[in-house]
Amino acid sequence: MTSAMRLVGRFLMLVGLLLCSPLAAQEQAGSMVSIQGALTDGNAEKAQFILDVSEPVGFSVFALQDPYRLVIDLPDMDFEMEQGMGLVERAMVQNFRFGRFGHAGSRVVLDLAGPTKVERAYILPAVDGNPVRLVFNLEAVSDREFAEQSLRDVIRIGADGKPQTGPLVKAPAAPVAEKEEGDTRPLIVLDPGHGGIDTGAVSNKVQESKVVLSFAKSLKKALEAEGQFRILLTRDTDLFISLSKRVAFAQEHKANLFLSIHADIVREHYVRGATVYTLSERASDAVAHKLAQQENRSDLIAGLEIDQSDDVVADILIDLTRRETANHSALYSRTLVGALKASIRLSKTPERSAGFRVLKAPDIPSVLLELGYLSNKEDRADLLSKEWREKAIKSIVKSINGFFARRSVQSSALFVPSKG
Ligand SMILES: [Zn+2]
């Protein structure tokens, strides 16, 4: 590493530290190890990726393809740096992101220019005023070489710096739902999009994952105040949950309605307003198609392997349960749009459909609500405004009341419980 490079890195680290208010972080840090900075060096053939940490910590690292990524798993960490800091141009490491992953760990994901092998990974003790460092030496390899290394060629290093076998990070414990015996009220699962390592859209420092989380929490409170529903959130903190786990969560708890909440960005900054999406094999239009693709990237961003066959929402309307569910999703979508129309601004085509993975539960009516576009100045202001949120929440509560009221009026056969 050249000294100039080091200087730039240190400077960027300082900027990162200042931006992240290290004092506040230190005050609440407790026993959590922190990552204080990142450096990349090298060229397209060989590269080094370095994480500065407050004390030695165990980690594991493995590579993925489609697209090429490197995934570093760590225990729960404090991140005291900016996303993507310390990157150099034209290098093998094109970008990286970090954040909480699941309930018991953190993750750093590197986007790589091509097939790459971890030549060596180790812990460098604190020397010469430098902090402890986790060092990853990377080497470009051919596609064949990449394929030959088992994709699970995981390198595991303990906090003592020695290679380990077995998992370093304990399997995350999922939150347990509290259901009181005999509580037959309908269960609504609210799903704040993104979280943790997947920040979702970011516009003018406003982060989708945070906006939708706080909105979902307020909506939960408002719905609970109605007294007629049980409400669960797929996540109630800033952590990553895969799309399939969100669906599985709703299914395990036998939800009666699944509402995923988002606030994305589009290239056309003038586009604004709320939109409700349902699942369909073929997208209703190009915008819906693009948005579903963007949303379905969540797992990829977080360094998960994607089951490509899962991309196609094939034969979705074939079996009866699915058709039944699709009808109810459509009914709720219409009800929601009708209620929102009275209080907030809607997009030009407020009812759309596409192949969203998160809406794939075959037995639970599911919709995805885009509250507005973070890319639009007015929408962004709305999303942060208490008054606007209250109006939107009131309408959503109304739509859910309306939806379940229709259910009780219509025949009980309408809501076929999932079999098995
Ligand atoms: Zn989103």
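**Close-up views of a predicted model**

**View 1. Ser329 and its surroundings in helix H8.** Not counting residues up to four places away in sequence, Ser329 touches Thr278, Ile364, Pro365, Ser366 and Val367. This is a predicted model, so please read each view with that in mind. Ser329 belongs to helix H8, which covers residues 320–341. With a relative accessible area of 7%, Ser329 is buried, because buried means under 20%. The helix itself, H8, lies across E15, strand E16 (274–279), E17 and strand E18 (366–370). Its direction is at about 170° to E17.

**View 2. The open sheet.** Here six strands come together in the order E14-E11-E15-E18-E16-E17, with mixed pairing. At the edges sit strand E14 (230–233) and strand E17 (346–354), each of which pairs on one side only. On average, neighbouring strands of this sheet are turned by 20° against each other, direction ignored. Look next at E11 and strand E15 (residues 257–262): they run parallel and are joined by five bridges. Within this pair, Val189 stands opposite Phe258 in E15.

**View 3. Asp191 in strand E11.** Strand E11 spans residues 187–192 and includes Asp191. Asp191 is buried, with a relative accessible area of 1%. Its side chain makes a polar contact of 2.8 Å with the side chain of Arg246. Leaving aside neighbours within four places in sequence, the residues in contact with Asp191 include Thr234, Phe258, Ser260 and Val358.

**View 4. Two salt bridges between strands E2 and E9.** Side chains of opposite charge can pair when their charged atoms come close. Glu139 and Lys46 form one such salt bridge, at 3.2 Å from N to O. Glu139 is in strand E9 (residues 132–140) and Lys46 in strand E2 (residues 46–53), so many positions separate them: they are 93 residues apart. Glu139 counts as partly exposed, at 22% relative accessibility. Asp52 and Arg133 form a salt bridge too, with their closest N and O atoms 2.8 Å apart. Because Asp52 lies in strand E2 and Arg133 in strand E9, this pair ties together parts that are 81 residues apart in sequence. Both Asp52 and Arg133 are buried.

**View 5. A salt bridge within helix H4.** In this view, the side chains of Glu224 and Lys220 meet in a salt bridge of 3.0 Å, N to O. Both residues lie in helix H4 (residues 208–226), four residues apart, or about one turn of the helix. Glu224 is partly exposed at 37% relative accessibility, and Lys220 is partly exposed at 23%.

Note on methods
Residues numbered from 1 in each chain as written. Predicted model: local features only at pLDDT ≥ 70, side-chain atom pairs only at ≥ 80, totals over all residues. Heavy atoms only, no water. Buried < 20%, exposed > 50% of the residue type's maximum accessible area, 1.4 Å probe, protein only. Polar contact = N/O pair within 3.5 Å; in protein donor to acceptor, adjacent residues only side chain to side chain. Contact = heavy atoms within 4.5 Å. Pairing = 2+ DSSP bridges. Axes fitted to C-alpha atoms, helices over the stretch in contact; angles between N-to-C directions. Salt bridge = Lys/Arg side-chain N within 4 Å of Asp/Glu carboxyl O.
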